[in-house]
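Work through the two exercises below with the model open. Each task is followed by its solution in steps.

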Amino acid sequence: MKKIEAIIRTEKLEDLKLALEEHDFTNGMTVSQVLGYGKQKGFTEYVRGQKVKTALLAKIKVELVCVDLDVDRLVSIIVEAVQTGEVGDGKIFVQPVERVMRIRTGEEDVDAL
Ligand SMILES: Nc1ncnc2c1ncn2[C@@H]1O[C@H](COP(=O)(O)OP(=O)(O)OP(=O)(O)O)[C@@H](O)[C@H]1O
Ligand SMILES: [Mg+2]
């Protein structure tokens with residue numbers, strides 16, 4: 001199992017949710033509001049068409065845990081849904097997940113996803 005962590009533009013969250021639904025990836029997701037910076041730290045970036053100059057910009061972090069086989073498809077779906085081609089589009093990190101448990105039933109790993 002893997003965790004896909006995608007840092008995306010705030011305004012792209014709805015597009016991503018729709019794309020995941022369209023492709024039947026509806027097992028679950030975690031969404032957080034985060035602050036961050038990429039390699040343009042301290043330089044100008046456009047946020048919703050507005051020029052902003054700040055070291056920390058508001059982004060959305062989406063976490064999805066899935067089976068290894070789904071990683072490539074999910075990464076493609078995410079990129080297709082949120083890419084604008086402008087700086088600040090975000091990043092995707094894929095990490096190993098050692099163990100999962102559904103608290104209600106005690107089911108584990110793939111059965112708990
Ligand atoms: N190396 C990193 N480690 C952790 N988080 C990162 C890293 N790089 C980017 N992020 C997160 O992703 C968000 C968006 O990064 P961003 O898309 O600006 O990356 P970038 O490397 O500057 O690429 P681009 O040149 O396309 O802007 C950042 O605000 C930060 O939250
Ligand atoms: Mg950047």
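The exercises treat a ligand site and then a helix. This is a predicted model, in which local features need pLDDT of at least 70, side-chain atom pairs count only at pLDDT 80 or more, and totals for chains, interfaces and linings use all residues. Residues are numbered from 1 along each chain as its sequence is written, and side-chain values use heavy atoms, with hydrogens and water left out.

**Exercise 1.** Describe the surroundings of ligand 1 and find its polar contacts (pairs of N or O atoms within 3.5 Å).

Step 1. Around ligand 1 there are 13 residues (a heavy atom within 4 Å), and Lys 39, Gln 40, Gly 88, Gly 90 and Lys 91 come nearest.

Step 2. By class, 4 residues of this shell are nonpolar, 5 polar and 4 charged; Gly counts as polar.

Step 3. Polar backbone atoms of Gly 88 and of Gly 90 each lie 2.7 Å from an oxygen atom of ligand 1. For Lys 91, a polar side-chain atom is 2.8 Å from a ligand oxygen.

Step 4. The protein buries 71% of the 610 Å² that ligand 1 exposes when taken alone (Shrake-Rupley method, 1.4 Å probe).

**Exercise 2.** Which residues of α2 are buried, and how are they arranged around its axis?

Step 1. Helix α2 covers residues 71–82 and spans 17 Å between its end C-alpha atoms, close to the expected 16 Å.

Step 2. Val 71, Leu 74, Ile 77, Ile 78, Ala 81 and Val 82 are buried (under 20% relative accessible area, 1.4 Å probe, protein chains only).

Step 3. These residues fall within an arc of 130 degrees seen down the axis of α2, so they line one face of the helix.

Step 4. Asp 72 and Glu 80, on the other side of α2, are exposed (over 50%).

Terms used. Chains lettered and ligands numbered in written order. Polar contact = N/O pair within 3.5 Å; in protein donor to acceptor, adjacent residues only side chain to side chain. Helix = DSSP H or I, 4+ residues; strand = E, 2+ residues; numbered from the N terminus. Expected span 1.5 Å × (residues − 1). Arc of directions from axis to C-beta.
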